[in-house]
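Student: Please take a close look at one part of this model. Start with a single residue and its helix, then work outward to the packing around it.

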Amino acid sequence: MRSEAEFTRPRPDCPHPQWWHAPDAYATEAEVTELVAAMVRALQPEVVLETGTHTGTTAEAIGRALAANGHGRLVSLELDPAKASAAAERLAAAGLPVTVVAGDSRSYVPDQPIDFAWFDSSIEARVPEYERLLPFFSSRAVVMFHDTGPHHDLRRRLVTVESLTLIYLPTPHGVAIGQPRLESSRG
């Protein structure tokens with residue numbers, strides 16, 4: 001694991017990126033992956049959705065959290081078929097309740113309401129995929145977005161989404177935790 005300082009410069013809201021770690025510039029910080037897994041343990045979701053599987057590190061942490069919960073499943077969406085295949089193979093070998101789907105998150109249709117979502121696909125896709133998936137969130141859904149730091153444009157775009165309330169966490173890449181405001185109470 002390498003210091004996040006190799007990939008991210010210090011800034012006022014996150015002056016010590018060296019305190020976080022990641023295998024590469026595109027991966028979720030290890031400490032943020034732990035936070036995502038802790039949210040899964042704390043919230044006890046039945047259906048979790050991840051966009052942007054990458055190498056499957058966060059998918060594995062979510063899968064282990066679901067296994068520790070004794071229920072639930074993760075569907076992880078990855079646009080790159082080679083990455084999706086490699087991650088699917090690794091996660092299946094670990095026996096985790098994870099399905100990796102090679103495809104575009106903006107066309108995915110879940111078969112059950114989503115209780116927790118981790119958005120970490122391409123930055124440009126995150127607002128459209130959230131808006132596309134909004135009808136599929138359960139009434140207790142919690143969502144998290146990676147790459148919401150001020151050096152990305154994502155947070156500015158997310159705060160304009162009327163159906164979403166966010167709390168920003170100042171990590172090297174930035175993380176936002178939110179809850180969809182649903183028009184009617186569901187699932």
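Tutor: Alanine 86 sits in helix H3. The model is predicted, so read every value as computed from it. Is alanine 86 buried, exposed or in between? Its relative accessibility is 48%, and the exposed class begins only over 50%, so alanine 86 counts as partly exposed. Valine 100 is 14 residues from alanine 86 along the chain. In space, the C-alpha atoms of the pair are 9.6 Å apart.

Step back to the loop that leads into H3. Aspartate 80 lies there, between strand E4 (73-78) and helix H3 (81-93). Aspartate 80 has a relative accessible area of 30%, so this residue too is partly exposed. Threonine 53 is 27 residues from aspartate 80 in sequence. Their C-alpha atoms are 9.0 Å apart.

Now the helix pair H1 and H2. The axes of H1 (residues 30-43) and H2 (residues 57-69) come within 9 Å and cross at roughly 25°. Angles under 35 degrees count as roughly parallel, so H1 is roughly parallel to H2. The crossing of H1 past H2 is right-handed. On the H1 side, the contact uses Thr33, Val36, Ala37, Val40 and Arg41. On the H2 side, it uses Thr57, Thr58, Ala61, Ile62, Ala65, Leu66, Ala68 and Asn69. By class, the contact residues are eight nonpolar, four polar and one charged. A general point about helices helps in reading such a face: with 3.6 residues a turn, residues three or four places apart point the same way.

Follow the chain out of H1. Glutamine 44 is in the loop between H1 and strand E3 (47-51). Phi of glutamine 44 is positive, about 55°, although the residue is not a glycine. Its relative accessibility is 30%, so glutamine 44 counts as partly exposed.

Aspartate 147 is another residue to check for backbone angle. Its phi is near 65°, again a positive value in a residue other than glycine. Aspartate 147 lies in the loop between E7 and helix H5 (154-158). Is aspartate 147 buried or exposed? Its relative accessibility is 8%, under the 20% limit, so it counts as buried. Its side chain makes a polar contact of 2.8 Å with the side chain of arginine 126. Another polar contact, of 2.9 Å, joins the side chains of aspartate 147 and histidine 173. Leaving aside residues up to four places away in sequence, aspartate 147 touches Asp120, Ile123, Arg126, His152, Leu154, His173 and Gly174.

Two of those partners, Ile123 and Arg126, bring us to helix H4 (residues 123-133), where both are buried. The other buried residues of H4 are Ala125, Val127, Glu129, Tyr130 and Leu133. What do the buried residues of H4 pack against? They meet strands E3, E6 (114-119), E7, E8 (164-169) and E9 (175-180), and also helix H5.

E7 deserves a look in its own right. This strand spans residues 137-146 and holds serine 138. Serine 138 has a relative accessibility of 1%, so it counts as buried. Its side chain makes a polar contact with the side chain of aspartate 115, at 2.8 Å.

Last, a longer view along the chain. Histidine 16 lies in the loop between strand E1 (2-3) and strand E2 (21-22). At 30% relative accessibility, histidine 16 counts as partly exposed. Alanine 176 is 160 residues away from histidine 16 in sequence, and 19 Å separates their C-alpha atoms.

Terms used: Residues are numbered from 1 along each chain as its sequence is written. This is a predicted model: local features need pLDDT of at least 70, side-chain atom pairs count only at pLDDT 80 or more; totals for chains, interfaces and linings use all residues. Side-chain values use heavy atoms; hydrogens and water are left out. Helices (H or I, at least four residues) and strands (E, at least two) are DSSP runs, numbered from the N terminus. Buried means under 20% relative accessible area, exposed over 50%, partly exposed in between (1.4 Å probe, protein chains only). A polar contact is a pair of N or O atoms within 3.5 Å; within protein, one must be able to donate a hydrogen and the other to accept it, and residues adjacent in sequence count only if both atoms are side-chain atoms. Axes are lines fitted to C-alpha atoms, for helices over the stretch in contact, and angles run from 0 to 180 degrees between N-to-C directions. Angles under 35 degrees count as roughly parallel, over 145 as roughly antiparallel, 65 to 115 as roughly perpendicular and the rest as oblique. A crossing is left-handed if the near helix is turned anticlockwise from the far one by less than a right angle, and right-handed if clockwise. Contact means heavy atoms within 4.5 Å. Ala, Val, Leu, Ile, Met, Phe, Trp, Tyr, Cys and Pro count as nonpolar, Asp, Glu, Lys and Arg as charged, and the others, Gly among them, as polar.
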